[in-house]
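Here is a friendly note to read alongside the model. Keep the 3D view open and take the points one at a time.

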Amino acid sequence: LMGSAGVDASIVRHLANARRKRALGVFAFVLEGIRHSLAFEFPRLTVVADSREVEGYLAVVGKSPGYGGWFSLTPRADPGQPGFQVAVCTSAFRLKYFYFLGLALAGALERSRDFVYLEASRVRISSDRPVYVQIDGEPHDALPMEFVTDGTSLPFVVPR
């Protein structure tokens, strides 16, 4: 449903199999997020969405608006439509990440000048140094990473 590279993927990686994640649940992510906002180096990412290239420090590729349950970083992503919504944060200023969290919780992140939103069916994220990726809240491999959708869909039958 979604994948990302940057500070959030690093947080997910640090909390994988951590006892505090099991003990504190979502609050473990909040605490680790505060720690990361102070220590994370914010490596530069290159995001190529179809033919458009954007430089940034956090990239989220969404096929669904869901992100962490409370808020959305890709609010216009639709699993029923072809393509992804891609959010790229172009700021590496540490304290702004708390502001971005507030905007996301308020459903207003798309209004930030520090986020570029793109629509694409093929997204490639790379960096000139090691940066990890998370997929659906689980740690994954390091960049480069390519996300591709072919426009087909799967029908689901669900109870009313």
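1. Let us begin with one facing pair of residues: Val123 stands opposite Phe147 in strand 10. Please keep in mind throughout that this is a predicted model. The pair belongs to the contact between strand 7 and strand 10, where 4 bridges join two strands that run antiparallel. As background, the strands of a sheet pair through backbone hydrogen bonds, either parallel or antiparallel.

2. Now follow strand 10 along its length. In a regular strand the side chains alternate between the two faces of the sheet. Strand 10 shows this alternation: Met145 and Phe147 point to one face and are buried, while Glu146 and Val148 point to the other face and are not buried.

3. Next, step back to the sheet that holds these strands. In which order do the 4 strands of this open sheet lie? The order is 3-2-7-10, and the pairing is antiparallel. Strand 3 (52-56) and strand 10 (145-148) stand at the edges with a single partner each, so one side of each has no neighbour in the sheet. From one strand to the next, the twist averages 15°.

4. Within that sheet, strand 2 (residues 45-49) and strand 7 (residues 122-127) run antiparallel and are joined by 5 bridges. To find this contact on screen, look for Val47, which stands opposite Ile125 in strand 7. The loop between strand 2 and strand 3 holds Asp50. Phi of Asp50 is near 55°, a positive value in a residue other than glycine, and Asp50 is partly exposed, with a relative accessible area of 41%.

5. There is also an open sheet of 6 strands, in the order 6-5-4-1-8-9 and with antiparallel pairing. Strand 6 (115-120) and strand 9 are its edge strands, each pairing on one side only. Here the twist averages 20° from one strand to the next. One contact to look at joins strand 4 (residues 58-62) to strand 5 (residues 84-89): these strands run antiparallel, with 5 bridges, and Val60 stands opposite Ala87 in strand 5.

6. At the end of that order, strand 8 (residues 132-135) pairs with strand 9 (residues 138-142) in the antiparallel sense over 3 bridges. The two strands form a hairpin with 2 residues between them, and Asp136 in the turn has a positive phi of about 50°. Ile135 stands opposite Glu138 in strand 9. After the hairpin, look at the loop between strand 9 and strand 10, where Pro144 lies. The peptide bond that joins Leu143 and Pro144 is cis, with omega about 5°.

7. The aromatic residues deserve a visit. How many aromatic pairs are there? The count comes to 6. A pair of aromatic rings is described by the distance of the centres and the angle of the planes. For Phe40 and Phe42, the ring centres are 5.1 Å apart and the planes are at 85°, so this pair is edge-to-face. Both residues are buried, and they belong to one aromatic cluster together with Tyr97, Tyr99, Phe100, Phe115 and Tyr117.

8. Phe42 is worth a second look. This residue lies in the loop between helix 3 and strand 2, and its phi is near 50°, a positive value in a residue other than glycine. Why is Phe42 called buried? Its relative accessible area is 5%, and buried means under 20%.

9. Helix 1 is mostly covered: 7 of its 9 residues are buried. Among them are Val7, Ala9, Ile11 and Leu15. Asn17, which follows helix 1, has a positive phi near 60°. Elsewhere, Arg13 lies over the face of Tyr132, at 3.7 Å from the ring centre.

10. Finally, the largest pocket has a volume of about 880 Å³. Its lining consists of 31 residues, of which Asp8, Ile11, Tyr67, Phe71 and Leu101 lie nearest its centre. Helix 1 (7-15), helix 3 (26-39) and helix 4 (96-105) each supply at least two residues of that lining. Helix 4 also contains Phe98, a partly exposed residue with a relative accessible area of 38%. Phe98 and Ile34 are 64 residues apart in sequence, with their C-alpha atoms 8.6 Å apart in space.

Methods. Residues are numbered from 1 along each chain as its sequence is written. This is a predicted model: local features need pLDDT of at least 70, side-chain atom pairs count only at pLDDT 80 or more; totals for chains, interfaces and linings use all residues. Side-chain values use heavy atoms; hydrogens and water are left out. Two strands pair if DSSP finds at least two bridges between them. Axes are lines fitted to C-alpha atoms, for helices over the stretch in contact, and angles run from 0 to 180 degrees between N-to-C directions. Rings of Phe, Tyr and Trp (its six-membered ring) pair if their centres lie within 6.5 Å; planes under 30 degrees apart count as stacked, over 60 as edge-to-face and the rest as tilted. Buried means under 20% relative accessible area, exposed over 50%, partly exposed in between (1.4 Å probe, protein chains only). A charge sits over a ring if NZ of Lys or CZ of Arg is within 6 Å of the ring centre and within 35 degrees of the ring normal. On a 1 Å grid over the protein atoms alone, a cavity is a set of points where a 1.4 Å probe fits but cannot get out, and a pocket is an open set with protein on both sides within 12 Å along at least five of seven lines; lining residues have an atom within 4 Å of a point. Grid points are joined across faces, edges and corners, and a volume is the space filled by probe spheres set on the points.
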